[in-house]
Structures are given as structure tokens and as C-alpha cells.
Amino acid sequence: MTAVTTDWDVAVVGAGIAGLTAARACAERGLRVVAHDALAPGGQLINLGTLADWPGPATTGPDLMSALLTDVMERGVEIAYGEVTGLRTDPLTVDAAEGPASARAVVVATGRGPGRLDVPDAEGWEGRGLSHCATCDGPLHAGREVVVVGDDEWTAHEALELAGIAKRVTVVSASPTWPAALDRRLTDAVDVRRGTVASLAGEGTLAAVHLADSDVLEASGIFVYTHAEPRTALLDGLPAGAPVWSAGDVTGADRHLLTAAADGLRAGHAVVAHLEES
Ligand SMILES: Cc1cc2nc3c(=O)[nH]c(=O)nc-3n(C[C@H](O)[C@H](O)[C@H](O)COP(=O)(O)OP(=O)(O)OC[C@H]3O[C@@H](n4cnc5c(N)ncnc54)[C@H](O)[C@@H]3O)c2cc1C
């Protein structure tokens, strides 16, 4: 085992809006804080265009991410790149990409995984037409037909964004209760189909989506938002009373930027109170 390399007051795992807000709250109180991210700081924000349900002047995900990152770094938060693969107690240790590091408290803000499709070789279709991000991959399907799979408000949001690019957008929803409120947000350029996807087909890249009821939809892209499960692996099996807090989408709570930020702030304040008492 590599020696423990650095002692931190607080290690935040996941530098999305929840983790960065927790890191900021701790750094403001003079604590030494590191925020780890497996990909890049910003989390889901990086994939979002103009934000919905965001108060104040309209802004995009990348613009907000950049402002948040500048702000936390100015307050002394160190950003560490790479996946955290484990969390151990006695002493509290984060298994980071650059080696294990000890911390007096940890905030886990690892968000949710990408949407998942229950079809043969789903992973093999990633990057060959299967995507989870309208802003990133939508332009690849300009003037073509795409399918969107999901049943929440962000599915509708993504379908609308794609409607401005693709020739035709079909939302496939397994939910018998796809809310009428979502239908009202959609335009004539979007169809909603009740059903599930059975398989994907195409030579090299996606050409068609086969539904369980045997219908076939022509599509060059499929955007998947179902089964996006909270990434809780680091929290599993921790002893009761460990100085570890969770915040944001990883808690399985409401999926909004504002609630994730509020959650991060609460976690940051709880960490500060804990460390001031100990
Ligand atoms: C398609 C879509 C559109 C949305 N649009 C909006 C919107 O317009 N307005 C709004 O309010 N909300 C929107 N939301 C919801 C919002 O994006 C999320 O609620 C919010 O981003 C969650 O923030 P988070 O910090 O909890 O998680 P995330 O933003 O997911 O960040 C988690 C971070 O943890 C990192 N991570 C994970 N595991 C590890 C590990 N083991 N080691 C290191 N790092 C790790 C990830 O790389 C990621 O950067 C949308 C959601 C989706 C899916």
C-alpha cells in the first residue's frame, strides 16, 4: 500500500455544484480543502445549455461552472483530478488517483450515473449514436431523426433542445403517467410514445430503434435519461458515526441545481460544526 501523501481537513469527492458548494463553505472557515473529480470540475453542469429553474439572469451550465470554480479556487480549495476508488475509516482515508490521503472529514457528492438502457450491448452503442447530452451531441444529428428515452422534466428539457436541431424527436417513455405538464412544454416537433426500447440496430452507427411493441423508429441518435442511479458506492458499508456527509444528487433527492447547492451548503456547515467541536 502506498503511504498516505497529504493530510486534509476536508476531502470532497465529486466537484459538481453540490461538492463545490460544500468545499466553499469549509474553505471560508479557513479549513484545508481538496475537491476530487473523476472527470472535470462542474459535474452535470458541463453538459447543460441555458439553465432552467435558475434565478437571476439567464446563464449556461459551463458559464456557471467556470464562475463557481474560479470562486472556490480563490478561496484556497485545491482541485484534484482522478477517480476516488475507496473511502476507509480509522484513520479516515480517501483512496485518490495520486495515492491515499487522510482527511478529518469527507463530503461525498458523486451525483448520479448516466442514464442506462436495458438492451443488448448497450455500452457498445455509447459514442455510436447513444448519448446522454443534447448540448454535446445534438449537433451531430442536425436535420436527422432522434429518440429520447426517459420520463422526467429533464427528459422534456433535452427533447426540446434537440427539437431545435433534429428533423424529428420522439420521446419514448415507459411511464404510464408521463405528466401532461411535460406534454404541454413540448412542441409539434416532438412526439411522445409510451413504450420501452428492445434493441438498437445499425451498421457501425445507429440507424434504428426497435421498440418492445415491434415498432421500429428510424434514428441516428438515442439520448438516454432513464435509470440514472445515485453513485453511492463510496458510502456503502461505512460505520455509523463516521465523519462523512453526502450531498446533492447522490442522496437520491430532488434533481435540481439549487437543491444540490443547498445540500452542499448544509453538508459544508455540518462539517465545519463537527471540526470546530472536535
Ligand atoms: C439532462 C439534465 C438536464 C438538467 N437540467 C437542469 C436545469 O436546467 N436546471 C436545474 O436546476 N437542474 C438541472 N438538472 C439537474 C442538475 O444538473 C443536477 O441536480 C445537479 O447537477 C446535481 O449536482 P451534483 O453536484 O449533486 O452532481 P453532479 O453534477 O453529477 O456532480 C458529481 C461529480 O462527481 C464526480 N464523481 C463521481 N464519482 C466520483 C469518484 N468516485 N471520484 C471522483 N469524482 C467522482 C463526477 O465526475 C461529477 O463531476 C438536469 C439534469 C439532467 C440529467
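## Terms and model

Helices (H or I, at least four residues) and strands (E, at least two) are taken here as DSSP runs, numbered from the N terminus. With that in hand, element names such as β4 (86-88) and β5 (93-96) should be easy to follow. Please keep in mind that this is a predicted model.

## Two backbone details in loops

Let's start with the loop between β4 (86-88) and β5 (93-96), where P91 is found. The peptide bond joining D90 and P91 is cis, with omega at about -10°.

A second loop, the one between β2 and α2 (61-74), holds D53. Although D53 is a residue other than glycine, its phi is positive, near 55°.

## The ligand and its surroundings

Now to the ligand, which has 32 residues around it. The closest are D37, Q44, A52, V84 and D249. Sorted by class, this shell has 15 nonpolar, 11 polar and six charged residues. Domain 1 (7-113 + 229-277) and domain 2 (123-224) each supply at least three residues to the shell.

Backbone atoms come close to ligand oxygens in several places. For Q44, a backbone N or O atom lies 2.8 Å from an oxygen atom of the ligand. D249 likewise places a backbone N or O atom 2.8 Å from a ligand oxygen atom. At A18, a polar backbone atom is 3.0 Å from an oxygen atom of the ligand. How much of the ligand does the protein bury? Taken alone, the ligand exposes 1000 Å², and the protein buries 95% of that.

Which elements give two or more residues to the shell around the ligand? They are α1 (17-28), β2 (33-37), α4 (153-163) and α6 (257-277). Of the elements, α4 gives the most to this shell, with three residues.

## The second largest pocket

If you are scanning the protein for open space, the second largest pocket has a volume of about 250 Å³. Its lining is made up of 15 residues, and those nearest the pocket centre are P114, G115, R116, E123 and E126.

What classes of residue make up the lining of this pocket? There are six nonpolar, four polar and five charged residues. As for where they come from, the lining of the second largest pocket takes at least three residues from domain 1 (7-113 + 229-277) and at least three from domain 2 (123-224).

Conventions
Residues are numbered from 1 along each chain as its sequence is written. This is a predicted model: local features need pLDDT of at least 70, side-chain atom pairs count only at pLDDT 80 or more; totals for chains, interfaces and linings use all residues. Side-chain values use heavy atoms; hydrogens and water are left out. On a 1 Å grid over the protein atoms alone, a cavity is a set of points where a 1.4 Å probe fits but cannot get out, and a pocket is an open set with protein on both sides within 12 Å along at least five of seven lines; lining residues have an atom within 4 Å of a point. Grid points are joined across faces, edges and corners, and a volume is the space filled by probe spheres set on the points. Ala, Val, Leu, Ile, Met, Phe, Trp, Tyr, Cys and Pro count as nonpolar, Asp, Glu, Lys and Arg as charged, and the others, Gly among them, as polar. Domain bounds come from an automatic or database domain assignment. A residue is near a molecule or strand if one of its heavy atoms lies within 4 Å of it. A polar contact is a pair of N or O atoms within 3.5 Å; within protein, one must be able to donate a hydrogen and the other to accept it, and residues adjacent in sequence count only if both atoms are side-chain atoms. Accessible areas come from the Shrake-Rupley method with a 1.4 Å probe; for residues, only the protein chains shown count as cover.
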